[in-house]
Amino acid sequence: MASINPVAGPSAPEQFVLLHKKDNILVCVRPAMAGGTIVLDGNDYLLKQDVALGHKVARYPLATGDKVLRYGISIGSMTAPVEPGEHIHSHNLKSDYIPAHGRDAVRIREIRS
Amino acid sequence: MNAAQKFSGYLRPDGRLGIRNNVLVIYLVECAHHVARAIVTKADEASVQLVGFPGCYPNGYAFRMMKQLATHPNVGGALIVSLGCEGFDRDGLAEAIGESGRPVETLVIQQAGGTKSTIAEGLDAIARIKAEAGKAPRADMTVSDLVVGTICGGSDGTSGITANPAVGRCFDRLITENATCIFEETGELIGCEQVMAERAVTPELGLEIEAAVAKAERYYSTLGYGSFAPGNADGGLTTQEEKSLGAYSKSGDSPISGLIKPGDIPPGPGLYLMDVVPDGEVRFGFPNISDNAEVVELIASGCHLILFTTGRGSVVGSAISPVIKICANPETYARLSEDMDVDAGAILTGKATLDDVGEEIFDQVCRVAVGQQSLSEELGHQEFILTYKSFEASGPACLPSAAPEGAPA
């Protein structure tokens, strides 16, 4: 039976958790600051940006077009390459189904129309 | 409370048991809203609750929803407030409520003499309806009699790793105890259709589930926006399918017994998915304009209480059925603890495991079923929204357990 229940807790002192062994991203469970390090598969990487609770960083180097896996399942495709430890969000990841929208969506549509 | 323990419910003539005995004041068009609200405000009792439909044009879905809500096991009686000229089938609704064995009265503002007169008559009517509703027979019920719904609102990147899977654990426990559980919003399950179909009790149901999600994707694509709010992105969610997978974890691991539409009552215990996206061409706008529209649909399908998970921090409750708030994000919990029944963010701060929080939610379900108020209930939250939609009847593959013996699949 398919399950996407994650493996977080009970006492995760780490700042990032791997939710599924197939995942190529980690999720931030305690806010992390730029300049800190993130340990990925035994290697230290420099965090180039602050990462807020609930946000994602790359586990491996990823190329444009790569599928991003969370819970072992695709959550979309990369639109730009990233290094391990880099923030993954709307600037480099897009849905394979329906585009997401920001608070400026209506303003942008008005300008375009 | 252990799961086998009996508690006292309200026995309704259709055999269903309620955990509350609310009286509804129902306005049938926005033009009657103020008068209905004034009656509820002056009645000044938490059990006298305001619900209504704003539109003047008739709508089969809205009628059926209102009928299911007014005859919900948590409802003991109703006062209908009509302006007089709106399109809602006022007599049909009163008839359906009356046939359910509940006290019901109708006030028509255009016949009652206007605002003040209708409010005064309404307060007298409420006193009569309450007295009658108070005579509802009591009967023992257990957790197995409960129908529990779940919804997520204001999701963020923590929702799918704390509160949602914890609700999934609670759902698995409830289903073990022979309760009925409903999860929903096919538009927020885009990307999960294949994993979900694998959990269906029959392959035919699996195909129906995949078709329902495909319908949701078409519908939202036509509208130009997915079910994805800017706050979701602030909280670290990037795509519809990422939000979906987090939302999906609320369903737990039990087999999916059926696919229902709003207002359909599940035919037996187990886990059901609600298809909330209208059938046919895109009409009337967004399937659900905000979270409470979904809560109302879950209640119309018989939910006694609602498990509401939130990462960014929603404060809503609902008319008719109590809402239990489960906060996914420890930072949000620190800011909004006065609104949150359960701190699922404790999973991230190392204070609890998913199983601990799942158990805590189950205990909350039991306590609220017995009569303890949830926080949103105590704070007076009784939000309600009902809008236009249209649905076709479900095919037989959607409810395998309800199919007659020997019937063709």
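**Exercise 1.** In this predicted model, find which residues B:Ile326 touches, leaving out those up to four places away in sequence, and place B:Ile326 in the nonpolar core.

*Solution.* Start with the contacts. B:Ile326 touches B:Ala163, B:Ala166 and B:Val167, then B:Leu307, B:Phe308 and B:Thr309, and further B:Asp341, B:Val342, B:Ala344 and B:Ile361. Next, the core. B:Ile326, with B:Ile26 and B:Val81, is among the residues with the most contacts inside the largest nonpolar core, which has 144 residues. Helix H13 of chain B, residues 354–370, gives the most to this core, namely eight residues. A separate core of five residues lies apart from it, including A:Ala100, B:Ala229, B:Ala233 and B:Leu237.

**Exercise 2.** Describe how helix H6 (residues 163–176) of chain B packs on H13(B).

*Solution.* Two packed helices are described by the angle between their axes and the distance between the axes. Here the angle is about 60° and the axes are 8 Å apart. An angle of about 60° makes H6(B) oblique to H13(B). The crossing is right-handed. Then list the contact: from H6(B) come B:Pro165, B:Ala166, B:Val167, B:Arg169, B:Cys170, B:Arg173 and B:Leu174, and from H13(B) come B:Leu354, B:Asp355, B:Val357, B:Gly358, B:Ile361, B:Phe362 and B:Val365. By class, this contact has ten nonpolar, one polar and three charged residues.

**Exercise 3.** Decide whether A:Val39 is buried or exposed.

*Solution.* Locate the residue: A:Val39 is in strand E3 of chain A, residues 37–40. Count its neighbours: 12 other C-beta atoms lie within 10 Å. A residue with 12 or fewer counts as exposed, so A:Val39 is exposed.

Note on methods
Residues numbered from 1 in each chain as written. Chains lettered and ligands numbered in written order. Predicted model: local features only at pLDDT ≥ 70, side-chain atom pairs only at ≥ 80, totals over all residues. Helix = DSSP H or I, 4+ residues; strand = E, 2+ residues; numbered from the N terminus. Buried ≥ 20, exposed ≤ 12 C-beta atoms within 10 Å, placed from the backbone. Core = buried A, V, L, I, M, F, W, Y, C linked by C-beta atoms within 7 Å. Contact = placed C-beta atoms within 7 Å. Axes fitted to C-alpha atoms, helices over the stretch in contact; angles between N-to-C directions. Parallel < 35°, antiparallel > 145°, perpendicular 65-115°, else oblique. Left-handed = near helix turned anticlockwise from the far one by under 90°. Nonpolar A, V, L, I, M, F, W, Y, C, P; charged D, E, K, R; others polar.
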